[in-house]
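Hi everyone, thanks for making time. I'd like to walk you through a structure that may be new to you, so have a look at it first.

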Amino acid sequence: MDQTILITLTGIIVTGIGAQWLAWRLKVPAILFLLGIGLLLGPVTGLLDPNALLGDLLFPLVSLAVAVILFEGALTLQFKELKGVGSAVWLLVTLGAFVTWVIASYAAYFFVGLPPLVAALFGAIVIVTGPTVIVPLLRIVRPSVKVSTLLRWEGIIIDPIGAVVAVLVFEYILMRTVPAHANAGLTAIIIPFLELIGVGMVLGLVGGYLLGLILRRHLLPEYLVNVVVLATVLAVFTASNLMADESGLIAVTVMGILLANMRAVPLAEILHFKESLTILFISGLFILLAARIQPAMFSSIGFGALLVLLAIQFVAQPAKVWISTIGSGLNWREKLLTAWIGPRGIVAAAISGLFAIQLDQHGVPGAEVLVPLTFTIIFGTVVTASLTARPLANYLGVAQPEDKGVLMVGINVFSRMLAQALKKHGYRVILTDSNYADIRTARMEGLETFYGNAVSQAAERRLDLVGIGRLFAVSGVPEMNNLAAIRYRHEFGAENVYVLQTPQEKSGSDQQRLSDVFTGRKLFGPDVSLGDLMLLIEQKAEIKSTRLTGAFNWEKYQQTYDNRGILLFMISPKGILHVQSDGPMPTPGEGWIIIGLYRPQAEVEVKPEAEEASAA
């Protein structure tokens, strides 16, 4: 094996996943870092040449990866989400797509000087946005439900539509400019168009329905489910493309939407597996496609490319959204944010590269401009949306709150005290329980509650988790705690799922303790149980919030409250909640708020020089 190829492929994967982690830490879209890495490794340093690395395999691999990404996105599209915005979605991907096509085509014709037919092909290519950029961006921006639904549905459905329109324009260009196709007539376009739509729809529906039946009847062993689904997606995509060029995108999108809306099809584990694959593919694809760009390619488009970008961002996007959302119920703020977020992604990059090569081989003028102009739009729209969409959403008041709230499973004296303490510091807390008497007590204390099992179907439909990012399972029933941990581990992340031990688990034998595989992090540490906390409360312990100052620092705090109770939380000056658990805690400084459950001072009362934190 060529060691250079091995090192290069490994480097792409490692740096791509590293960019994803860095983006998560900094709370910015990973695409910014991925594009930067691709440009650095490709045109800047020359360390990566995707064409030399993969050769003829490059575009087939890109196509298969895009198929998996589209399928994974389609699996999240449920028709019940379209309530109130369904008509707007369909208008966006039809009338809105046409508006974008016309404006982008004319802009390319006037500002860059592309021939009319090539300009029309460019306009068709930049119709698409795509889940490769929309879905990661939505995780960061966190817009309102209506805006999020619109952008996610449009981003997934518009990919195959844009590909179909681009194929039709491409075939028309060949018919008009290539002598071998000059006598073909319009039937040469109409028949392939009908084949493309028909083959994609039929194979997608048949493949999705058969796969759904197999999954619903549990005809596969658990360890084969994910790989069989992956193999089926790739098989349907490839078979569809072989029968009709570029119909595979339609097939996998239809297949995913059908599975998402079939009853009793277990999709949770499949979604988790496909999400991991999507992250891997996006990380590699953006680096590879950005590395293909050569600076010399941009010399042919000049300043006109910037004018095309401005026309798409400030004319095509607003016109598309305003026309498509008439009567949708969206207010002007939601429309403005929807119009602002329109990044182009992998599909536009891949299609432009593929068509440019074929048009160049046929000697079509303007083909050499297609790729650099498309990548200018990709870079411009991605960077604009990534850097400005979240601040704009906050400014317009259409961003959901940060996920710093707590879902608390189990209501008892301690959990109510804990909820009150967190509420005073601005954290949203939802208490859940199936005992109505406990629910009523919590409500009388002014706490937000959900009556019912936290893992029930009713919770799936009605439990409002906006602004909630952590789970505290504090019930006295260990099985309930651990079931909740399993249910919300993917929703909140394993690092944000905490389970409080019951007395039986702390002191019982291995036969009584539940496996660590089915639980979360140890809430308040491995040596603390619900029984310990209830015993402290019986000894008149209270939850105290203390703000550290220059005079009353962390060392004096520890001395004051030593052997009086249990440390629960620390809140940094930036409002970050650090939970006492099985991992290390930061060393707090001035301005930090320390929260603990402490007994009153038994002997001589020592008044600490501390400022008790208020609700403000």
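Before we get to the strands, one bit of vocabulary: two strands count as paired if DSSP finds at least two bridges between them. And keep in mind that what you see is a predicted model.

With that, let's start at strand 4, residues 468-473. Strand 4 and strand 5, which is residues 497-499, pair in the parallel sense over three bridges. If you want a spot to zoom in on, Leu 471 stands opposite Val 497 in strand 5. Strand 4 also pairs with strand 1, residues 405-409, again in the parallel sense, this time over five bridges. There, Val 406 has Arg 470 of strand 4 as its bridge partner. So is strand 4 mostly covered or mostly open? Mostly covered: six of its six residues are buried.

Okay, on to the rings. How many aromatic pairs does the structure hold? There are 17 of them. Take Tyr 557 and Tyr 561: that pair is tilted, with 4.8 Å centre to centre and 45° between the planes. The two sit four residues apart in helix 24, residues 554-561, so about one helical turn separates them. Tyr 557 counts as buried because its relative accessibility is 2%, and Tyr 561 counts as buried too, at 7%.

There's also a cluster: ring pairs link Phe 414, Phe 472, Tyr 498, Phe 524 and Phe 569.

A couple of rings have a charged side chain over the face. Lys 404 lies over Tyr 427, at 5.1 Å from the ring centre. Arg 487 does the equivalent with Tyr 488, at 4.3 Å from the ring centre.

Last stop, empty space. Rolling a probe the size of a water molecule over the atoms shows where such space is left. Here we get one cavity of 30 Å³ or more, and the space in the largest cavity is about 40 Å³. Which elements give two or more residues to its lining? Those are helix 13 (268-291), helix 16 (346-361) and helix 17 (367-396). Helix 13 gives the most, with three residues. If you're clicking along, the lining includes Leu 35, Phe 286, Gly 345 and Ile 378. By class, that lining has eight nonpolar residues, one polar and no charged ones.

That's my tour, so over to you for questions.

Note on methods: Residues numbered from 1 in each chain as written. Predicted model: local features only at pLDDT ≥ 70, side-chain atom pairs only at ≥ 80, totals over all residues. Heavy atoms only, no water. Phe/Tyr/Trp six-rings, centres within 6.5 Å; stacked < 30°, edge-to-face > 60°. Buried < 20%, exposed > 50% of the residue type's maximum accessible area, 1.4 Å probe, protein only. Lys NZ or Arg CZ within 6 Å of the ring centre and 35° of its normal. 1 Å grid on protein atoms, 1.4 Å probe; cavity = no way out; pocket = protein on both sides within 12 Å on 5 of 7 lines; lining within 4 Å. Points joined across faces, edges and corners; volume = space filled by probe spheres on them. Nonpolar A, V, L, I, M, F, W, Y, C, P; charged D, E, K, R; others polar.
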